[in-house]
Amino acid sequence: MTEPSPRPAASGGRTQPAEADLLRDLLRTPGYLKTLLFCALIGIPVSLAAFWFLVGLHELEHLMWTDLPQALGWHIPPWWWPLPLLLVSGILVGLVVTRMPGAGGHIPATGLHAGGSSAEALPGVILAAAASLALGATLGPEAPLVALGGGLALLFGRIARAPGTPQNKALMGAAGAAAAISTIFGNPLMAAVLLMEMAGVGGAQLFAVMLPALLSSGIGSLVFTGFGRWTGLSTGGLSLKLGNSFARLDTGDVFWSVLMAVAIGVFVHLVLAGGRLAAVFVSMRPVVHTAVCALAAGACAAVYTLITDRSPADVASSGQSMLTGLATDPHAWGVGALIAVILCKGAAYAFCLGSLRGGPIFPALFLGGAIGVLLAPLPGLGVVPGLAAGMAATATSALRLPVSSVVLVVLLLGSTEMIPVVILAAVVAFVTTELLPPGRAVPPVGKPVEAPAAAGAARPA
């Protein structure tokens, strides 16, 4: 296909690119403007639904892992507590997958998807997520939120008799998913970046251009900042001094962060390979084998408690709440506890990725944070740089979305001081995982429903 000829030169001798003309013509189309307005309106009910969905999950999880054990006289759940809960979770999820449309949502081992949502799949998505996340799955709520938002948007579009063209459905599904996912990250920018990168706009060519630019910007920031510090000179620049007390980066932080990213890329690749094997195992006998994998994840949490005498919820959860404690008081974890939680949670994560329903982001972030804290005593590596590099590497390796991972970790840290290390770790981890042999394909399970792709899908992790 030949490139369109540029329009005649305007005043000043410049030619206007065809892409700008197409965008201008699109914005003048009444149908597109109506769809844009409708997407803005559906963001209100979708956000409310996502809010109450998360509240319900939080209350159920608190009931099962805090209220019930304390009512029975335990300060923390006993070592065997995850076994019956996750066995029930596996049975319930297996029944939802085999008997309800949509198979309870995407299999987490296939990656985080932005498409495939439908109104018919909503009941199964909600039930599978509740049975998984409230009862101890080592997964996060982001994937069910994406499916919930996209499905609700399409349902509202059907009720309002919006045009049912594939383009409109794709726009509405993406808008609903973005509105829902922003509730868990608390930042609309993160939701927009994540949805754009998940959609794969630009395909492989985008990644080919983006990675060198991302890596060069990180190295340039290190050189620029270091040179300014050495000379004592200033160039001005745009910055907001928020008063965060972050240690300055040095050579040791950069060196160890790169080595960490390579090792983490291999580690996460092995975990995801285990998740795909679990998914293949589940596809043979969905109900029975889902229960077996869920019970195995519960056994990982039980072993962790027997070894460390800490709560099994450290392993049998997304890690979202524990990540805050790990970051604010890393010294509360001994070396043995950190090694145990990395190994046990990594194994439970693999079992849950292939069997239960949820998202891959928060367990990956916690594992990266734990690895960073464990390696922080290395010569020249600080706790904060280790934490930042670890989270960036695990998130990128699990999602295959380097830009989204960088933005997410920077937002979590609440400071721009660690951006160079975050970028380096993300790029190195991404290249490492991409160069490793591709894993086994995950077979479909359950009853799929025909649904338009809302905005494409992320590459299989």
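Me: Let's start with the overall make-up. How many helices and strands does the protein have?

Reply: The protein has 16 helices and 0 strands. Keep in mind that this is a predicted model.

Me: OK. And how much of the protein counts as buried?

Reply: Of its 461 residues, 48% count as buried. You can also look at who touches whom along the chain: among contacts with a separation of 6 or more, 80% are between residues 24 or more positions apart.

Me: Let's take a pair of helices. How do I read the way helix 12 and helix 13 pack?

Reply: Look at the angle and the distance between the axes. Angles over 145 degrees count as roughly antiparallel. Here helix 12 (residues 335–353) and helix 13 (residues 361–375) pack at about 155 degrees, with axes 10 Å apart. The two helices are therefore roughly antiparallel to each other. Their crossing is left-handed.

Me: Which residues make that contact?

Reply: On the helix 12 side you'll find V335, L338, I339, V341, I342, K345, G346 and Y349. Helix 13 brings P363, A364, F366, L367, A370, I371, V373 and L374. Sorted by class, that contact has 14 nonpolar residues, 1 polar and 1 charged.

Me: Now helix 14. What do its length and cover look like?

Reply: For length, compare the end-to-end reach with the expected span. Helix 14 (residues 383–399) has 17 residues and reaches 24 Å from first C-alpha to last, close to the 24 Å expected at 1.5 Å a residue. As for cover, helix 14 is mostly covered, with 15 of its 17 residues buried.

Me: What happens to phi just after helix 14?

Reply: Here's the general idea: most residues other than glycine have a negative phi. R400, just after helix 14, takes a positive phi of about 60 degrees. R400 lies in the loop between helix 14 and helix 15 (402–413).

Me: Is R400 buried or exposed?

Reply: The cut-off for buried is under 20% relative accessible area. R400 is at 8% relative accessibility, so it counts as buried.

Me: Where is A103, and what is its phi?

Reply: A103 sits in the loop between helix 3 (82–99) and helix 4 (122–133). Its phi is near 55 degrees, a positive value in a residue other than glycine.

Me: And is A103 buried or exposed?

Reply: Use that cut-off again: A103 has a relative accessible area of 6%, so it is buried.

Notes. Residues are numbered from 1 along each chain as its sequence is written. This is a predicted model: local features need pLDDT of at least 70, side-chain atom pairs count only at pLDDT 80 or more; totals for chains, interfaces and linings use all residues. Side-chain values use heavy atoms; hydrogens and water are left out. Axes are lines fitted to C-alpha atoms, for helices over the stretch in contact, and angles run from 0 to 180 degrees between N-to-C directions. Helices (H or I, at least four residues) and strands (E, at least two) are DSSP runs, numbered from the N terminus. Angles under 35 degrees count as roughly parallel, over 145 as roughly antiparallel, 65 to 115 as roughly perpendicular and the rest as oblique. A crossing is left-handed if the near helix is turned anticlockwise from the far one by less than a right angle, and right-handed if clockwise. Contact means heavy atoms within 4.5 Å. Ala, Val, Leu, Ile, Met, Phe, Trp, Tyr, Cys and Pro count as nonpolar, Asp, Glu, Lys and Arg as charged, and the others, Gly among them, as polar. The expected span of a helix is 1.5 Å times one less than its number of residues. Buried means under 20% relative accessible area, exposed over 50%, partly exposed in between (1.4 Å probe, protein chains only).
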